[in-house]
Amino acid sequence: MQPRNMSMSGVVDLAAVKAANEARQKAEQARAEAARQGGGAPAAVSPSSLVIDVDEAGFERDVLQRSAEVPVVIDFWAEWCEPCKQLGPLLERLAVEYNGRILLAKVDVDANQMLMQQFGIQGIPAVFAVVAGQALPLFQGAAPEAQIRETLDQLIQVGEERFGLTGIVVDGDAPAGSAEPAPIPVGPYDALLEAAVQALDANDFGGAVQAYKNVLSDDPGNEEAKLGLAQAQLLQRVQSLDPQQVRKDAAEKPADVAAQIAAADLDLVGGHIEDAFARLVDTVRVTAGDERDTARVRLLELFEVIGADDQRVTAARGALARVLF
């Protein structure tokens, strides 16, 4: 049975797509302008500069502005917090090891109560990230190094793919002959993007997928095409599903990952975004091993459909972090 009227208009805020694309373009333009003014590539920083102490007065400069070039991880800590003393040195070591792909900002909550309130922190240590000016929770409390690495890898991937963040150059690692900044992909892609939208409206999901891929082959960081591709692939997945059977299977098999994933896809297409996220977060919570990873990956794919700047995605990321850590 093929679902009817499967357009994603009304489910996804297209203004958010454009805003994210504009944020990426502004970040790229800022880096290119800095390179031109500096006579070439951005100045390299020392490894010790990858870990900084941040207060309320310098937050905009040291975190928000820097997040246009590199994901900024924020470690909220206090001197009296014993778990902070375990997590802090680990994050500092990883920041240096990641060699400019992230920047670690340490915030003493006792001295910066306003920042603590603005981020809605209930307990420490608490770790957030800011990417292209957008904040998202990563995890709370001490966590195993392997899980922290996985979270940081996902953060870096989001920064690169959604906003074109390439990180900062660390002393000794600037490639030879890199005086000229990398060229910024140019369009126009309006015709291809319009063709993709028309294909979606005509339920030609395969055609929409190909149109978005055509844009991404020339401009891998094009945000509108990336989110559109995620939408088209979702619609393509659910096209052949029988909604009644999917709902029945999900209700009768709460531990069946495939059944829950199919139901979550239908939830999202039907506009029940929070339900879709909650279903997969709960599936991650009650599973382990490969099954857990399968549910987690699909949840991340659904995040891509909605967009990282959506508050429902931010809330679900926090819920996912809590069940993972």
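Two rings of Phe, Tyr or Trp (its six-membered ring) count as a pair if their centres lie within 6.5 Å. Keep that in mind as you work through this predicted model.

**Exercise 1.** Find how many aromatic pairs there are, and classify the pair of phenylalanine 59 and phenylalanine 119.

*Solution.* By this rule, the count is 5 aromatic pairs. For phenylalanine 59 and phenylalanine 119, the ring centres are 5.9 Å apart and the planes stand at 75 degrees. Planes over 60 degrees apart count as edge-to-face, so this pair is edge-to-face. Next, locate the partners: phenylalanine 59 is in helix 2 (residues 59–65), while phenylalanine 119 is in the loop between helix 4 (113–118) and strand 4. The pair therefore ties together parts 60 residues apart in sequence.

**Exercise 2.** Do the same for phenylalanine 76 and phenylalanine 128, then decide whether each is buried or exposed.

*Solution.* Here the centres are 5.9 Å apart and the planes are at 85 degrees, so this pair is edge-to-face. Phenylalanine 76 belongs to strand 2 and phenylalanine 128 to strand 4, so the pair links parts 52 residues apart in sequence. Buried means under 20% relative accessible area. Phenylalanine 76, at 0%, is buried, and so is phenylalanine 128, at 13%. Finally, Phe59, Phe76, Phe119 and Phe128 form one aromatic cluster.

**Exercise 3.** Describe the surroundings of strand 2 (residues 72–77).

*Solution.* Start with burial: 6 of its 6 residues are buried, so strand 2 is largely enclosed by the rest of the structure. Then look at its partners. Strand 2 runs parallel to strand 3 (residues 103–108), joined by 6 bridges, and pairs with strand 4 (residues 126–131) in the antiparallel sense over 5 bridges.

Definitions and conventions
Residues are numbered from 1 along each chain as its sequence is written. This is a predicted model: local features need pLDDT of at least 70, side-chain atom pairs count only at pLDDT 80 or more; totals for chains, interfaces and linings use all residues. Side-chain values use heavy atoms; hydrogens and water are left out. Buried means under 20% relative accessible area, exposed over 50%, partly exposed in between (1.4 Å probe, protein chains only). Helices (H or I, at least four residues) and strands (E, at least two) are DSSP runs, numbered from the N terminus. Two strands pair if DSSP finds at least two bridges between them. Rings of Phe, Tyr and Trp (its six-membered ring) pair if their centres lie within 6.5 Å; planes under 30 degrees apart count as stacked, over 60 as edge-to-face and the rest as tilted.
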